[in-house]
Amino acid sequence: MRILASCRFPLLVSSLVTALMLATTLSATSAHAAPRANEFKLANGMQVVVIEDKRAPVVTHMVWYRVGAADEPRGESGIAHFLEHLMFKSTDKIAVGEFSKIVARLGGQDNAFTSQDTTAYFQRVAKDRLAKVMSMEADRMVNLRLTDNEVLTERNVILEERRSRVDNNPSAILSEQMDATLYYSHPYAIPVIGWEHEIARLDREDALNFYKHYYAPNNAILVVSGDVGVDEVRKLAEETYGKIPSNPEVGANRLRPVEPPQLAARELVLTDPRAGKASFHRYYLAPSYVKAQKGEAESLDVLVRILANGSTSRLYKSLVVDKKIASSAGGWYHGDGLDSGKVALYAIAADGSDLDQVEAEIDRVIADVAKNGVTEDELRRAKMGLTADYVYESDNQSNMARRYGWGLVVGQSIEDIEEWPAAIERVTAADVQKAAQKSLDIRQSVSGRLLPEADNDPGTSNKRASATASPRG
Amino acid sequence: MSLLRQAGLHVRAVARVNFVNLLAVFFLLNIVALSRPAQAMDIKTVKSASGIEAWLVEEHSVPLVALRFAFTGGSSQDPADKAGVSNFLSAMLDEGAGDLKSAEFQERMEDIAMRMSYEDSRDTFYGSVETLSANRPQAMELLKLALTKPRFDDDAIERIRGQLKASIVYASRDPDRVAGNAWYAAAFPNHPYGKPKDGTLETISSITRDDLEAYRSRIFARENLKVVAVGDIDADALAKLLDEVFGDLPQKAKLNSVSDVAPPKKGSLIVTEMDVPQSVAVFGLGGLKRKDPDFMSAFVLNHIIGGGGFASKLMEEVREKRGLAYSVYSYLSPMDHSAIFLGSVATKNEAIAESLDVIRAELKKMLETGPTEEDLKNAKDYLTGSYALRFDSNAKIASQLLGIMVEDMGIDYVNTRNAQIEAVTLEDIKQAAKRFLDLNDLIVTVVGKPAGLAPRG
């Protein structure tokens, strides 16, 4: 339903490709006494993180660039993701399209993904193949070659990707329209995959300009997890990435337009015969972990867990179980953004109920939490659930690489990441109530309705799809 | 009321202990340094006193246990006029059991940080449970209740019915799902495999508590049960657990007989109009069953055709050379009573015909000339070299082993599988291709507003 990240190859098709593309909201981990990850820097400024897990003779190798869709030049939406695809073309050493084939011949799997804040590339291989994939990844950091023909063919692939992900799916269209409305000024308004008309104009020069500026060791983080030690990674990294000069042009500060105060709630209606069922969606602008006051993002994680996660949540119990006005209801908090986060809530109307009822009940549940807070039982279960998710995810070395990579690329420290469960444990019922009062502010929200057929609103009848926006009082 | 409150207090006390356990898990994860090469993985067979067998991989470095199990059954055991019972049941097993109503049951699961989920395929009903080892007794108690005494309360049934109906409505607007269902309907007319696995609005509306209970009591039995445990548990404890959790199930399942079936030997093109910019096509043929002597050869061939991502022919021709699609792939799906080779592509309406032409040409080439020595070597290098990647976490080991059990490939399969792939020759592949790759039989279903597609066959 949401595009958090857009990637080169559809992961849903094959059990062979095991990576999870859509990142979890966690940016988590353990008690500070025993750091799980080791960190060092190469002379050229490249940050390196190693997470040892010796249970299987396998490693996950990732490079995270501190650049994403929100860093794109105006009018060139989609260039970060387009470049991610083009990184699989050629260098002096790698023939066109050979990168993934070489990894496959090594018995490895590879892929890449782009989000608003980062672009990441990874391979999973037997541990004795690590040196080879590191040298290949380092090579394409600076030696990419592109021809016009390759670029134009790949542009068609991306237009098809957009049709698959967005245009063939009314929920995805509404989500894109809601993001575009949630931000007045910040580029998170623009979809990661790009607007179709802008993708259609992207060319080789756009891609290379973006590449030459942002792809450099001092703008990248290397994360290796699995059956490998710090000393070996240091040696291999110095022999590969360490040979690449840094680029002084790319700054440490990622300055983007700052949102002005948001003073008006917004409402969208998308009518689309393909919608199937009427559904209600709400996005709130919220702080992210790296922008929040201490403890604030953790409180939001706990709040949204209590409010909207699973069948014991407030929204589900009220809308689905008690009032029976929705067939399902839920939500999530994205706290991993560089500049801001988002709380998303949704409900699908039950047969015979309408979205006015659904919206009113969601607002009543939120107001109740803001006024009366949450119970100690709810607080305990929510903390347990968040922490348990962390534990179960830690079973998987790819998840570990992702957790550290994502945290570091938006500016968290390893300590921040590993201290997360303890920080969750410190959240009090009062903190949760305060988060509901402060962050679930209707003036900083967008409400979206997806309707299978036009209701009596004259502004919403259209053959295929229409969107209307209006401030609400 | 007071009993409930007591139960609540008990749970709270337990939960506090558990939080400490969770932190202990972080700590242990930090210092683990055990080596476990996939090749040397020690898979034990465990037999309980009552005769239930399971496979076990012990991994005591992390205090977690992953349990995966399966009952032969799945949607092909749905009553003829009630497609979707199996899927309905898979959504009901955490909706209350024994004395615990839905919310109480789910809160108990959360209190002990237990994960439990169910899903069904056409032939199999799958269960998955993960728990901290300290909470294993409580988790197994809940699992046993779910399997043996689900409540099926009216309000829970109606709630899940509403969700299933909504998901069927969404699926009916999703070009991928519509194309897939249309393919199975065309390939298996008058057979359970041809019905929509999750049912229709009509069948879901008609399913009652008795239908769910009848399915559960017919299918959940010891003789058609497969179990795998991975993690912090030893053989003795697992043997006891098997009897505790599954021992009360009847010995014999009452499976309806399902006839063996093959897709018609006659190609067809079925277009379903939908107002979307991109058409989705599903294409397929009869395939080879898992125990067919040519299966491994067909498996390697499929990897070369469309199973190998960017190393596959379809990806090369459709996406890399022509930019016609983001996604194109194929796979072999052996079933208990049939076998298919299936693939899919999505291309804008104006060009879907070209994508399908390119795919046909590649399939024809694979049948007539076959892959090269280099194609074969590359495929073997990937398939054998990447096998270890499927075993790098407890959860993945458990899923892999359960798959091997369900397909009845034997406990030694993990050790012999790569040698079976290495043994495949070009001649074997040609032989296997002749067995199934007949383009005259290709069934194609397309959803969208495709231009320039003429019905064939």
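In chain B of this predicted model, 28 residues of domain 1 are in contact with 32 residues of domain 2. On the domain 1 side of that contact, at least two residues each are supplied by β2 (53-58), β3 (64-72), α6 (175-187) and β8 (225-231) of chain B, and α6(B) contributes the largest share, namely nine residues. Sorted by class, the residues on this side of domain 1 of chain B comprise 18 nonpolar, four polar and six charged. The two domains themselves span residues 2-246 for domain 1 and 268-448 for domain 2 of chain B, and their centres, taken over C-alpha atoms, are separated by 29 Å.

Three of the elements just named, β2, β3 and β8 of chain B, also belong to an open sheet of six strands, ordered β1-β2-β8-β3-β7-β6 and mixed in its pairing. Because β1 (44-47) and β6 (115-120) of chain B each have a single partner strand, they stand at the edges of the sheet, and one side of each is left without a neighbour there. From one strand to the next the twist averages 20°. Within this sheet, seven bridges pair β3(B) with β8(B) in the antiparallel sense, and Phe71(B) is found opposite Leu225(B) in β8(B). Helix α14 (residues 394-406) of chain B packs on the sheet, where it touches β2, β3, β7 and β8 of chain B, and its direction makes about 155° with that of β8(B). Another helix, α4 (residues 136-148) of chain B, lies across β3, β6 and β7 (124-132) of chain B and runs at about 155° to β7(B).

A further open sheet in chain B is formed by five strands in the order β9-β13-β10-β12-β11, and here too the pairing is mixed. Its edge strands are β9 (268-273) and β11 (328-334) of chain B, each of which pairs on one side only, while the twist from one strand to the next averages 15°. Helix α11 (residues 313-320) of chain B packs on this sheet by touching β11 and β12 (339-348) of chain B, and its direction makes about 150° with that of β11(B). Elsewhere in the sheet, strand β10 (residues 278-286) of chain B runs antiparallel to strand β13 (residues 443-448) of chain B and is joined to that strand by five bridges; Val282(B) stands opposite Thr445(B) in β13(B).

Chain B also offers a helix pair to examine, formed by α10 (residues 295-307) and α16 (residues 426-436), whose axes lie 8 Å apart and pack at an angle of about 90°. The two helices α10(B) and α16(B) are therefore roughly perpendicular to each other. From α10(B), the residues Ser297(B), Ala298(B), Val300(B) and Leu301(B) meet Asp428(B), Ile429(B), Gln431(B), Ala432(B), Ala433(B) and Phe436(B) of α16(B), and the residues of this contact divide into seven nonpolar, two polar and one charged.

Turning to chain A, the division is into domain 1 (5-243) and domain 2 (265-472), with 43 residues of domain 1 and 51 residues of domain 2 taking part in the contact. The domain 1 side draws at least two residues from each of β2 (37-41), β3 (47-52), β4 (58-65), β6 (119-126), α5 (170-182) and β7 (220-226) of chain A, and α5(A) gives the most, with eight residues. This side of domain 1 of chain A has 21 nonpolar, 16 polar and six charged residues.

A helix pair can be followed in chain A as well: α9 (residues 296-308) and α12 (residues 376-393) pack at an angle of about 110°, with their axes 9 Å apart, which means that α9(A) is roughly perpendicular to α12(A). Here Asp301(A), Val302(A), Arg305(A) and Ile306(A) of α9(A) meet Glu378(A), Leu379(A), Ala382(A), Lys383(A), Gly385(A) and Leu386(A) of α12(A), a contact whose residues divide into five nonpolar, one polar and four charged.

The UniProt record, in unreviewed entries, adds domain annotations. "Peptidase M16 N-terminal" is listed at residues 48-193 of chain A, a span that is 42% helix and 19% strand and whose end C-alpha atoms lie 28 Å apart. UniProt places the feature "Peptidase M16 N-terminal" at residues 60-196 of chain B, where the end C-alpha atoms lie 42 Å apart and the span is 45% helix and 20% strand. For "Peptidase M16 C-terminal", UniProt lists residues 206-381 of chain B; this span is 40% helix and 22% strand, with its end C-alpha atoms 51 Å apart.

Technical notes
Residues are numbered from 1 along each chain as its sequence is written. Chains are lettered from A and ligands numbered from 1 in the order in which they are written. This is a predicted model: local features need pLDDT of at least 70, side-chain atom pairs count only at pLDDT 80 or more; totals for chains, interfaces and linings use all residues. UniProt positions are given in the numbering used here, feature names are shortened, and annotations may be inferred rather than shown by experiment. Helices (H or I, at least four residues) and strands (E, at least two) are DSSP runs, numbered from the N terminus. Axes are lines fitted to C-alpha atoms, for helices over the stretch in contact, and angles run from 0 to 180 degrees between N-to-C directions. Angles under 35 degrees count as roughly parallel, over 145 as roughly antiparallel, 65 to 115 as roughly perpendicular and the rest as oblique. Two residues are in contact if their C-beta atoms, placed from the backbone, lie within 7 Å. Ala, Val, Leu, Ile, Met, Phe, Trp, Tyr, Cys and Pro count as nonpolar, Asp, Glu, Lys and Arg as charged, and the others, Gly among them, as polar. Domain bounds come from an automatic or database domain assignment. Two strands pair if DSSP finds at least two bridges between them.
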